[in-house]
Amino acid sequence: MVTKTLTGVPFFDEHYGGIYRGRSMLACGRIASGKTVLGLQFIRQGLKQNERCLFLSGQKMNDLVISAEALKLSISEAVESGNLILLEYHDYIPGRDSEEYITLPPDGFIQLKEVIDAHAIQRVVLDTVLPWVSIRPQTNLAEHVFSFVHAFERIGVTTLMTIPKPASLPSIRLKSALEEVTPISITLS
């Protein structure tokens with residue numbers, strides 16, 4: 001049976017009834033279009049529904065907490081109680097600041113799955129999904145993206161993935177591959 005869960009965005013939830021529980025949603029947009037704010041709303045909604053959540057971001061977690069507080073989307077209490085796990089990509093990618101293309105090591109997903117399992121996580125935000133799906137060369141891109149997105153479905157977590165607005169042909173291909181396997185895809189402007 002397919003069930004839905006709320007995103008925390010009233011307009012979207014009222015018009016579409018939320019998103020599919022245990023499935024993924026993709027949000028694309030330019031810098032400062034609201035992808036991270038959407039992620040915070042998504043997490044806050046999960047916390048309201050007594051779901052354990054995880055937010056993985058390229059931002060420093062202290063900065064994310066400060067931003068959430070400024071937007072009246074407080075997450076401090078959830079972090080302190082252990083209902084929200086905050087992770088930074090630099091924890092997964094040693095020396096990421098010096099690399100031109102950020103990609104995760106092969107065991108990165110296994111480590112993330114261990115965190116999800118250990119903390120009984122039900123809702124995940126990947127703000128941005130690029131380190132997981134940007135592969136070189138792009139010859140097996142569609143298969144890689146399919147496998148990645150469906151891995152979260154097999155785990156059973158509801159996932160929000162963000163991606164910057166594509167600015168090159170490879171990034172357009174990547175966005176298209178993600179849209180093909182993600183049940184709900186939105187563009188923020």
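Start by selecting Arg123 and Thr158 in this predicted model, where Thr158 in strand β7 is the bridge partner of Arg123. These two residues show where to look for the pairing of β6 with β7, two strands that run parallel and are joined by 4 bridges.

Keep β7 selected and add Ser24, whose bridge partner in β7 is Thr159. Here the pairing is between β3 and β7, which also run parallel, and 6 bridges join them. Now colour the whole of β7, residues 158-164, and show the surroundings as well: 6 of its 7 residues are buried, so this strand is largely enclosed by the rest of the structure.

Return next to Arg123 and display its side chain together with that of Glu51, since the two meet in a salt bridge with a distance of 2.6 Å from N to O. This pair links distant parts of the chain, because Arg123 belongs to strand β6 (residues 123-127) while Glu51 sits in the loop between α2 and β4, 72 residues apart. Are Arg123 and Glu51 buried or exposed? Both of them are buried, and for Glu51 the relative accessibility is 5%.

With Glu51 still on display, select Arg21, which forms another salt bridge with Glu51, the closest N and O atoms being 2.8 Å apart. Glu51 lies in the loop between α2 (35-48) and β4 (53-57), and Arg21 in the loop between β2 (19-20) and β3 (24-29), so this pair ties together parts that are 30 residues apart in sequence. Unlike Glu51, which counts as buried, Arg21 is partly exposed, with a relative accessible area of 40%.

Move on to helix α5, residues 108-118, and select Lys113 and Asp117, which both lie in this helix, 4 residues apart, or about one turn. Their side chains form a salt bridge in which the closest N and O atoms are 2.5 Å apart. Both ends of this bridge are partly exposed, Asp117 at 44% relative accessibility and Lys113 with a relative accessible area of 33%. To place the earlier stops in context, select Arg21, Glu51 and Arg123 at once, for salt bridges that share partners join these residues into one network. In the structure as a whole the count comes to 5 salt bridges.

The next stop is the nonpolar interior. In soluble globular proteins, nonpolar side chains tend to be buried together. Select Leu126, Trp132, Phe148 and Leu178, which touch the most other members of the largest nonpolar core, a group of 30 residues. Then highlight helix α7, residues 141-155, as the largest share of this core, 6 residues, comes from that helix. A second, separate core has 24 residues, and to find it you can select Ile19, Leu40, Leu73 and Leu84, which are among its members.

Finish with two cysteines, Cys28 and Cys53, by showing the side chain of each in turn. Cys28 is buried, with a relative accessible area of 1%, and Cys53 likewise counts as buried, at 0% relative accessibility. How many disulfides does the structure hold? The number is 0, and there is accordingly no disulfide to look for at either of these residues.

Definitions and conventions:
Residues are numbered from 1 along each chain as its sequence is written. This is a predicted model: local features need pLDDT of at least 70, side-chain atom pairs count only at pLDDT 80 or more; totals for chains, interfaces and linings use all residues. Side-chain values use heavy atoms; hydrogens and water are left out. A salt bridge is a side-chain nitrogen of Lys or Arg within 4 Å of a carboxyl oxygen of Asp or Glu. Buried means under 20% relative accessible area, exposed over 50%, partly exposed in between (1.4 Å probe, protein chains only). Two strands pair if DSSP finds at least two bridges between them. A nonpolar core is a set of buried Ala, Val, Leu, Ile, Met, Phe, Trp, Tyr and Cys residues joined through side-chain atoms within 4.5 Å. A disulfide is a pair of cysteine sulfur atoms within 2.5 Å.
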